[in-house]
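Reader: I'd like a close look at one part of this model, namely a spot where two helices pack together. Could you walk me through that, and then add whatever else helps me place it?

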Amino acid sequence: METLGEKIMEKDLVSIVMPCYNGKRFIGESIESVINQTYPKWELLIVDDGSTDDSINVIKHYQTDKRIKLIRQSNSGSAAARNNGIRRSKGQYLALLDSDDIWKPNFLEEQIRFMKEKSAICVYSSYAMINKNSKEILKPVKVKDKITSKDMESLNYIGCLTGLYDQSKHGKIFFKEELNSILDDYAFWLDIVALENVAYGNSKVLAKYRIHEGSTTNNKKKLIKKHYVFYRTYLGQGRLHSLINVVKWGIAGLAKFN
């Protein structure tokens, strides 16, 4: 686990890291969902990962808000982009939002209140699912009220767009770039939960995860092998244990998308 024990962090500031690769179509809506937060103390670090579309100009349109910072890098993958933003973050809290996902206006206010209520370093929330037209589809994903490291060894219970991590106690945590952006978000939140062996779920639906056409079925098929390899190599689980967890993941996916 790579950590940075930096204690020079601005109290109560939320650092939001948003990787972007050819995100012109949806990134404006994602940025606006941050600007519309009822909690005002944030910085938005948008890391453009070598986009070839007009993403940069869309981002620059919003930079009249000085809390929004644009970081540009050559195409290196989402894990590298997120790490670039995390290294530059100045806030006590860290949140991650992809360039096609959306927060409800009270997301930060609710999650910070919830974190303080639980005296926790990591919280997450329930979330809705939306299509390309930002219309809510399927049923919201309702989260468990509490998870441990053992829970996370079976499934990733933290939707990346809903997680909030307090960096002030244990320092910065980074994505595993060697995973080549495959289940690296799972490894990231697993590492964070392991710090104190607990994270808490807010039952309120505070965010919206965008589903793209074909992703619910095709990506699931492709991810079966990747999940098995992740359980076997990253978590060091035996063959049978890994297979059982792949089945659990599959069942959870069916429940989510039906």
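Author: Sure, let's go to helix H3 (residues 78-88) and helix H7 (residues 184-196), which pack at an angle of about 40°, their axes 10 Å apart. Angles under 35 degrees would count as roughly parallel and 65 to 115 as roughly perpendicular, so H3 is oblique to H7. Those two values are what you want for a pair like this, because packed helices are described by the angle between their axes and the distance between the axes.

As for who meets whom, H3 brings Ser78, Ala79, Arg82 and Ile86, and H7 answers with Asp184, Asp185 and Phe188. By character, the residues of this contact divide into 3 nonpolar, 1 polar and 3 charged.

Before you lean on any of this, remember that the model is predicted. The average pLDDT is 93, and 93% of the residues score at least 70. Residues 1-6 are a weak spot, with pLDDT below 50, although this stretch has 16 contacts in the model beyond near neighbours in sequence. Where pLDDT is low, the predicted coordinates should not be read in detail.

Now to other parts of the fold. Helix H1 (residues 24-35) has 12 residues and reaches 17 Å from first C-alpha to last, close to the 16 Å expected. Its buried residues are Phe26, Ile27, Gly28, Ser30, Ile31, Ser33 and Val34. Their cover includes strand E2 (10-20), strand E3 (42-49), helix H2 (55-61), strand E4 (68-73), strand E6 (102-103) and strand E12 (199-210).

H2 is also home to serine 55. That serine is buried, with a relative accessible area of 0%. Leaving aside residues up to four places away in sequence, serine 55 touches Cys20, Asn22, Gly23, Lys24 and Asp48. Of these contacts, Lys24 falls within H1 (residues 24-35). Aspartate 101 is 46 residues from serine 55 in sequence, and their C-alpha atoms are 15 Å apart in space.

One last stop is glutamine 237, in the loop between helix H8 (215-234) and helix H9 (239-257). Despite sitting in a loop, glutamine 237 is buried, at 6% relative accessible area. Again setting aside residues up to four places away in sequence, glutamine 237 touches Glu153, Tyr231, Arg232, Ser242 and Asn245. Tyr231 and Arg232 fall in H8 (215-234), while Ser242 and Asn245 fall in H9 (239-257).

Notes: Residues numbered from 1 in each chain as written. Predicted model: local features only at pLDDT ≥ 70, side-chain atom pairs only at ≥ 80, totals over all residues. Heavy atoms only, no water. Helix = DSSP H or I, 4+ residues; strand = E, 2+ residues; numbered from the N terminus. Expected span 1.5 Å × (residues − 1). Buried < 20%, exposed > 50% of the residue type's maximum accessible area, 1.4 Å probe, protein only. Contact = heavy atoms within 4.5 Å. Axes fitted to C-alpha atoms, helices over the stretch in contact; angles between N-to-C directions. Parallel < 35°, antiparallel > 145°, perpendicular 65-115°, else oblique. Nonpolar A, V, L, I, M, F, W, Y, C, P; charged D, E, K, R; others polar. pLDDT = per-residue confidence, 0-100.
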